Amino acid sequence: MTTTDYQIARAVLLLANTVTKTRNAHLKYLGIAAGQADAINFFDEHPNSTITALKNGFHIQHATAQMLIQRLIKKDLISLSVDPTDRRAKRVQLTDAGLKVRHQLKTNGVNTGAKLLAGFSQTDTAQFAAALHTAYLNLTNEEA
């Protein structure tokens with residue numbers, strides 16, 4: 001690793017920490033934790049999914065997924081219904097309050113992205129996105 005490699009890695013870490021700090025401030029305002037926000041996003045992107053789908057998608061234990069679901073139910077952000085094809089399974093839906101929180105999460109994400117990319121041309125943005133994707137694949141040992 002060269003000094004430049006190290007400096008770039010540090011700059012990426014600083015950027016990631018800043019984005020995380022910004023997200024955490026938004027989540028605090030909304031009164032939810034990061035895992036809860038991720039679950040709301042998951043169920044918006046996968047309507048009527050089960051708790052097991054969340055568990056598998058997040059690679060977490062079933063008990064952890066259950067606890068996350070119970071907290072979201074207490075906050076009236078999701079509701080459960082019985083799966084008509086498997087009565088043991090529960091389908092998860094966002095409530096009206098959950099949909100409002102999801103909308104705010106999207107708005108906050110768009111605003112953070114706009115700030116992050118301010119001054120970038122479309123070409124710069126495309127190159128930055130491609131570089132980030134490649135860097136992610138490099139670190140996760142995944143293939144494009």
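User: Buried means under 20% relative accessible area, exposed over 50% and partly exposed in between (1.4 Å probe, protein chains only). Is Arg 88 buried or exposed?

Analyst: This is a predicted model, in which local features need pLDDT of at least 70, side-chain atom pairs count only at pLDDT 80 or more, and totals for chains, interfaces and linings use all residues. Residues are numbered from 1 along each chain as its sequence is written, and side-chain values use heavy atoms, with hydrogens and water left out. Arg 88 has a relative accessible area of 74%, so this residue counts as exposed.

User: Which residue meets Arg 88 in a salt bridge?

Analyst: A salt bridge is a side-chain nitrogen of Lys or Arg within 4 Å of a carboxyl oxygen of Asp or Glu. For Arg 88, the N to O distance in its bridge is 3.0 Å. The partner is partly exposed, at a relative accessible area of 25%. That partner is Asp 86.

User: How many salt bridges does the structure hold?

Analyst: One of them joins Asp 83 and Arg 91, with the closest N and O atoms 2.5 Å apart. Another joins Asp 44 and Lys 106, where the closest N and O atoms are 3.6 Å apart. For the whole structure, the number of salt bridges is six.

User: Is Asp 83 buried or exposed?

Analyst: Asp 83 pairs with Arg 91 in a salt bridge. Arg 91 is partly exposed, with a relative accessible area of 26%. Asp 83 has a relative accessibility of 4%, so this residue counts as buried.

User: How many residues apart are Asp 44 and Lys 106, the pair that links distant parts of the chain?

Analyst: The two side chains form a salt bridge. Asp 44 sits in helix H2 (residues 34-45), and Lys 106 belongs to helix H5 (residues 96-116); helices (H or I, at least four residues) and strands (E, at least two) are DSSP runs, numbered from the N terminus. Asp 44 is partly exposed at 25% relative accessibility, and Lys 106 is partly exposed with a relative accessible area of 42%. Along the sequence, the separation is 62 residues.

User: Which residues are linked with Asp 44 in a network of salt bridges?

Analyst: The direct bridge from Asp 44 to Lys 106 has its closest N and O atoms 3.6 Å apart. Lys 106 is a member of the network. Named in full, the residues linked with Asp 44 are Glu 45, Arg 102 and Lys 106.

User: What is the angle between the ring planes of Phe 42 and Phe 58?

Analyst: Rings of Phe, Tyr and Trp (its six-membered ring) pair if their centres lie within 6.5 Å, with planes under 30 degrees apart counted as stacked, over 60 as edge-to-face and the rest as tilted. By this rule there are three aromatic pairs. Phe 42 and Phe 58 make an edge-to-face pair, with 5.7 Å from centre to centre and planes that stand at 75 degrees.

User: Why does the pair of Phe 42 and Phe 58 tie together parts of the sequence, and how many residues apart are they?

Analyst: Phe 42 is buried at 11% relative accessibility, whereas Phe 58 is partly exposed, with a relative accessible area of 26%. Ring pairs place these two in a cluster with Phe 43. Because Phe 42 lies in helix H2 and Phe 58 in helix H3, the pair ties together parts whose separation in sequence is 16 residues.

User: Which element gives the largest share of the largest nonpolar core?

Analyst: A nonpolar core is a set of buried Ala, Val, Leu, Ile, Met, Phe, Trp, Tyr and Cys residues joined through side-chain atoms within 4.5 Å. The largest one has 19 residues, of which Ile 32, Ile 40, Phe 43, Leu 54, Ile 69 and Leu 105 touch the most other members. Two or more residues come from each of H2, H3, helix H4 (62-74), strand S2 (90-94) and H5. The largest share, five residues, is that of H2.

User: Which residues does Thr 50 touch, not counting those up to four places away in sequence?

Analyst: Thr 50 lies in the loop between H2 and helix H3 (51-58). Its relative accessible area is 15%, so Thr 50 counts as buried. Contact means heavy atoms within 4.5 Å. The residues touched by Thr 50 are Phe 43, Ala 89, Lys 90, Arg 91 and Val 92.

User: What distance separates the C-alpha atoms of Ala 11 and Gly 119?

Analyst: Ala 11 is placed in helix H1 (residues 3-30). This residue is partly exposed, with a relative accessible area of 46%. Ala 11 and Gly 119 are 108 residues apart along the chain, and their C-alpha atoms are separated by 18 Å.
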